[in-house]
Structure formats: C-alpha cells, structure tokens
Amino acid sequence: MSKKKWPLWEVFVRSKNGLEHRHFGSLHAADAEMALENARDVYTRRSEGVSIWVVESSNITASNPADNGELFEPAQDKVYRHPTFYNLPDEVKHM
Amino acid sequence: MKNDLYNYILGIADNSLILGQRLGELCGHGPNLETDIALTNISLDLLGQTRSYFQYAATLVEGEKTEDDIAFMRTERDYKNVLLVEQPNTHFGFVIMRQFLFDVYHLQFMKKLQQSKDETLVAIANKGIKEVSYHERFSSDWVIRLGDGTDESREKMQEAVNGLWRYTNELFQLTEADKAMVSEGIAVDVSTLKDEYYAKVSEVLKEATLTIPDDNYFQKGGKEGIHTEHMGYLLADMQYMQRSYPNMKW
C-alpha cells in the first residue's frame, strides 16, 4: 500500500473586514478541498464572512535572497524615486 | 408537560454529549494534525450544544440541578442517547462512519427543530445548524475519500458500515416523552425523517463505492436507558472526578 501524498499548501485568508488576502501559514492536505476545510479549522475558527485561498506550495515561485540587492535596494540618492512629496487627501484611505 | 420537556431535551442533548466525549478521546490521535483538529473541533461544537440544552433543562427543574449535575450525576440507565453515538473509536474508518451516520440525521433533525414551538430550542437549533452542516460535509467527504480510496480503506469502511448499520433505525424511534412533545408541537417527529435519511445515506455510500448493508435486524434501547456494554466505561471515565469530589466548584 502506498501512502497517500500529503503535499504542503499555503493558506491566504481575508478576514471579515479585511481588504486583501494575507498569508496566514501553511498546512498539509491531500487535495485542495481538504486544504480548504483544514484551513478553516486551523486558521479561521469559522468566523463568518472570510475568504480563504489555498495554493499548493510547489506552485509558488519565490525570489532568491541572493538577488535581494538588485531587486529590492533602489538607489537611495535618487529621491525622485520615492513618492514622498505628495500630501494624501484624507478621503484616500488604506495607502 | 414540564417533565416530558425535560426528558425530551435530555434525549437530544445526550447524543451530542456522548458523541462529543467519544471524539474528545481522539484528541492527539488523529491520523494527521489537520484531521485531529477537525475532529476535536466537531467535539467542541457538540459539547457546546450539549451545554445549551442542559442549561435550558436545568431551568425547568428550578435550581434543583445544574448543567454539571445533569452530565455527571446521572447513571447509565438515566442516559437517553442512541446506541450509535456510544460505539467505541475502533479505527478511523469507524469514527468517520459513526460520525456520518449521525450527522446526516442530526442535520435533518436540526432543520426540523427550527420549526419547534419552543423558542429556546429554536434558538439552539439556529446556532447549531451551521455547525452540524459542517460536520455533515466533513464526514460525508471522508466516507467518500476512504470508501473510494484504496482497497484497504474501502474494506475498512465496509466493515464499519456493516458494524454500525444496526444502530441506525433507533434514530427514528419515539419515546413517550417524544410523543407527548410532538403533540405539543415542540418536538421533532423523528419517525418522519427516516426515508429521507436512508436516501441520503445510500446516495453517499454509493458514491463511496460501498455496499448498503442488507440488514433488517436493528438494535434499540439507548433512548430508554438500555445501553451497550461500552456506555458504563465511558461514563466511569467521564464522571470520575465529580463522583469522587461531588458538589465542588471547578
């Protein structure tokens, strides 16, 4: 008997008043449906009005920490790259 | 009337309490972490429902008893749960099948209880029905996974359904208290749920590639306090502390 594979899934949850899905953690499940059910138990305690996404971890491509320099460190001397000269009106929320 | 209502409520609540206790025994013993959490979650739901019922029952006897007295100070003969829920956790397939056979009934029951003339029972049903529909989805899903899984898992599920089938018919029997409460429009006439129940169960078992037992010999007695030999051990375990130190605050 071959043991069923239980791959790793990443769980993203949008809470009731939340604006976007946030990564909550990961879990093992045999398929997407089971991953959803498990995520509900483990991460949301069944609070109403939440949305859950599950993605098999192998489907995620991550950036390589060795490339962090070229990817994430902009030239700090070029101030015009940073949008710090604008005053946001109060009506614009969640920036 | 009050006495019948009290007994009727206990009849409902004991099913949840005893099944909750059985699932609680599995804490830390699930086949994997996620399933372990799911089973204890279901157990928590059931125990929560039990508390609501027992608290309501306690108000009917006006301070004579608390919810804890009702749970911990009754003997086996006073327990009114169906035989199905007290069956031991033989193996995971057994646990799932027992859960499935109860959940299908429980969901139908909760839907009907929402139409009761008793407001408190309606409130409990409204809260519980969301939990119970989750339970039913979980257990149906696993019956199909295991039945339509490997040869070994199918064999175990077939063994489980063969062993548990004889306890299903009791779900649809009415006690004297049930009958009295049905005529008041408070109780669910469970005998009317039977056809729909077996139709739903058969549908899932078929999808799970399992054979529906051709078994017409059914066990009963739980609702009258005549239990299987498993019940005494279960209560000894559950009630030990309160029996040793009665009337304590905890």
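Start at the meeting of the two chains: show chain B and chain A together, and you are looking at about 1400 Å² of buried area, 44% of it given by carbon and sulfur atoms. Buried area here is the accessible area (1.4 Å probe) that two parts lose on being put together, summed over both. Now select E34(B), Y134(B) and R145(B): these supply 39% of the area that chain B buries against chain A, more than any other three residues. The contact takes 15 residues from chain B and 15 residues from chain A, where contact means heavy atoms within 4.5 Å.

A word on what is on your screen: this is a predicted model, in which local features need pLDDT of at least 70 and side-chain atom pairs count only at pLDDT 80 or more, while totals for chains, interfaces and linings use all residues. Residues are numbered from 1 along each chain as its sequence is written, chains are lettered from A and ligands numbered from 1 in the order in which they are written, and side-chain values use heavy atoms, with hydrogens and water left out.

**Chain B as a whole**

Next, hide chain A and colour chain B by secondary structure. You should find 10 helices and 0 strands; helices (H or I, at least four residues) and strands (E, at least two) are DSSP runs, numbered from the N terminus. The radius of gyration of chain B is 18 Å, close to the 18 Å from the globule rule for 250 residues, so the chain is as compact as a globular protein of that length. That radius is taken over C-alpha atoms, and the rule is 2.2 Å times the number of residues to the power 0.38. Along the principal axes, the C-alpha atoms of chain B fill a box of roughly 55 × 40 × 30 Å.

Switch on the surface: chain B exposes about 11400 Å² of accessible area, 51% of it belonging to carbon and sulfur atoms. Such areas come from the Shrake-Rupley method with a 1.4 Å probe; for residues, only the protein chains shown count as cover. Of the 250 residues in chain B, 56% are buried. Buried means under 20% relative accessible area, exposed over 50%, and partly exposed in between (1.4 Å probe, protein chains only). As for contacts in chain B between residues at least 6 apart in sequence, 81% join residues at least 24 apart.

**Into helix α1**

Select I9(B), found in helix α1 (residues 2-24). I9(B) counts as buried because its relative accessibility is 0%. Leaving aside neighbours within four places in sequence, show what I9(B) touches: Y53(B), Y56(B), A57(B), L60(B) and L121(B). Then draw a C-alpha distance from I9(B) to I37(B): 28 residues along the chain, 29 Å in space.

**Out to helix α9**

Move on to K206(B) in helix α9 (residues 194-207). K206(B) counts as exposed because its relative accessibility is 60%. C-alpha to C-alpha, K206(B) and F72(B) are 40 Å apart, with their positions 134 residues apart in sequence.

**Two backbone stops**

Most residues other than glycine have a negative phi. Select T209(B), in the loop between α9 and α10 (230-244), where phi is near 60°, a positive value. T209(B) is partly exposed, at 34% relative accessibility.

Finish at N247(B), in the segment after α10. Phi of N247(B) is also positive, near 65°, and N247(B) counts as exposed at 77% relative accessibility.
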